[in-house]
Amino acid sequence: EAVGIAAAALGAGRRTKEDRIDPAVGIDVLKKVGDRVAAGEPLALLRVNDAAQADAAAARYLGAVRVGAGAGAAVVRPTVLEVLRDGDGGGQ
């Protein structure tokens, strides 16, 4: 969520339906949850059109990232928690 908010702050998303999306900005995530990271290795590439926005977005992104040692550092949750089919009480 925090990475998405950082990208939206750059102009890659909308806060309101009137906001304009800038297709030239965004965040390229180079490392995913569970990937090994070496000291000094980039975690993401921020594409910006405004240097002031870059600092704020970088701070937001780094605030969302946790790097830890050991096998238990990353918690990977499944993308799909449950599949509801017709007759499961979940509607159509």
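In which loop is Asp-50 found? In this predicted model, Asp-50 occupies the loop between strand 2 and helix 2. The residue counts as partly exposed, at 34% relative accessibility. The side chain of Asp-50 reaches the backbone nitrogen of Ala-52 at a distance of 2.9 Å. Asp-50 is also placed 9.8 Å from Gly-11, C-alpha to C-alpha, although the two residues are 39 positions apart in sequence.

The overall architecture comprises 2 helices and 2 strands, arranged along the sequence in the pattern α-β-β-α. The chain has 92 residues, of which 17% count as buried. The exposed area of the chain is about 7400 Å², and carbon and sulfur atoms supply 52% of this area. Among contacts with a separation of 6 or more, 34% involve residues 24 or more positions apart.

The interior was examined next. In soluble globular proteins, nonpolar side chains tend to be buried together. In the present model, the largest nonpolar core contains 9 residues, namely Ala-6, Ala-7, Leu-10, Val-25, Ile-27, Leu-43, Ala-44, Ala-57 and Tyr-61. Two or more residues of this core are given by each of helix 1 (2–12) and helix 2 (51–64). The greatest contribution is that of helix 1, with 3 residues. Ala-6, one of the core residues, illustrates the packing: with neighbours within four places in sequence left aside, Ala-6 is in contact with Ile-27, Ala-57, Arg-60 and Tyr-61. Of these partners, Ile-27, Ala-57 and Tyr-61 are themselves listed in the core.

The buried residues of helix 1 are Ala-6, Ala-7, Ala-8, Ala-9, Leu-10 and Gly-11. The cover over these buried residues includes strand 1, strand 2 and helix 2.

A charged residue is also buried in the model. Asp-22, found in the loop between helix 1 and strand 1, is buried yet has no salt bridge. The nearest side chain of opposite charge belongs to Arg-20 and is 4.5 Å away; a salt bridge requires the relevant nitrogen and oxygen atoms to lie within 4 Å, so the separation from Arg-20 does not qualify. The side chain of Asp-22 is instead joined to that of Asn-49 by a polar contact of 2.5 Å. Apart from neighbours within four places in sequence, Asp-22 is in contact with Gly-11, Ala-12 and Asn-49. One of these partners, Gly-11, is among the buried residues of helix 1, and Gly-11 is also the residue whose C-alpha is 9.8 Å from that of Asp-50.

Salt bridges were then considered, and the structure holds 2 of them. In one, Arg-47 is paired with Asp-28, with the closest N and O atoms 2.8 Å apart. Arg-47 belongs to strand 2 (residues 44–47) and Asp-28 to strand 1 (residues 26–29), so this pair ties together parts that are 19 residues apart in sequence. Both participants are partly exposed: Arg-47 has a relative accessible area of 39%, and Asp-28 has one of 29%.

The side chains of Glu-41 and Lys-31 also form a salt bridge, at 3.0 Å from N to O. Glu-41 and Lys-31 both lie in the loop between strand 1 and strand 2, and the pair therefore ties together parts that are 10 residues apart in sequence. Glu-41 is partly exposed, with a relative accessible area of 31%. Lys-31 is likewise partly exposed, with a value of 22%.

Further residues of the loop between strand 1 and strand 2 were examined, including Val-37 and Gly-34. Val-37 is partly exposed, at a relative accessible area of 35%. Outside its neighbours within four places in sequence, Val-37 is in contact with Lys-31 and Leu-43. Lys-31 is a partner in the salt bridge with Glu-41, whereas Leu-43 is a member of the largest nonpolar core. Val-37 and Gly-68 are 31 residues apart in sequence, and their C-alpha atoms are 9.3 Å apart in space. Gly-34 counts as exposed, with 56% relative accessibility. The C-alpha atoms of Gly-34 and Val-67 are 9.4 Å apart, with a sequence separation of 33 residues.

Technical notes:
Residues are numbered from 1 along each chain as its sequence is written. This is a predicted model: local features need pLDDT of at least 70, side-chain atom pairs count only at pLDDT 80 or more; totals for chains, interfaces and linings use all residues. Side-chain values use heavy atoms; hydrogens and water are left out. Helices (H or I, at least four residues) and strands (E, at least two) are DSSP runs, numbered from the N terminus. Buried means under 20% relative accessible area, exposed over 50%, partly exposed in between (1.4 Å probe, protein chains only). A nonpolar core is a set of buried Ala, Val, Leu, Ile, Met, Phe, Trp, Tyr and Cys residues joined through side-chain atoms within 4.5 Å. Contact means heavy atoms within 4.5 Å. A polar contact is a pair of N or O atoms within 3.5 Å; within protein, one must be able to donate a hydrogen and the other to accept it, and residues adjacent in sequence count only if both atoms are side-chain atoms. Accessible areas come from the Shrake-Rupley method with a 1.4 Å probe; for residues, only the protein chains shown count as cover. Lys and Arg count as positive and Asp and Glu as negative; His and the chain ends are not counted.
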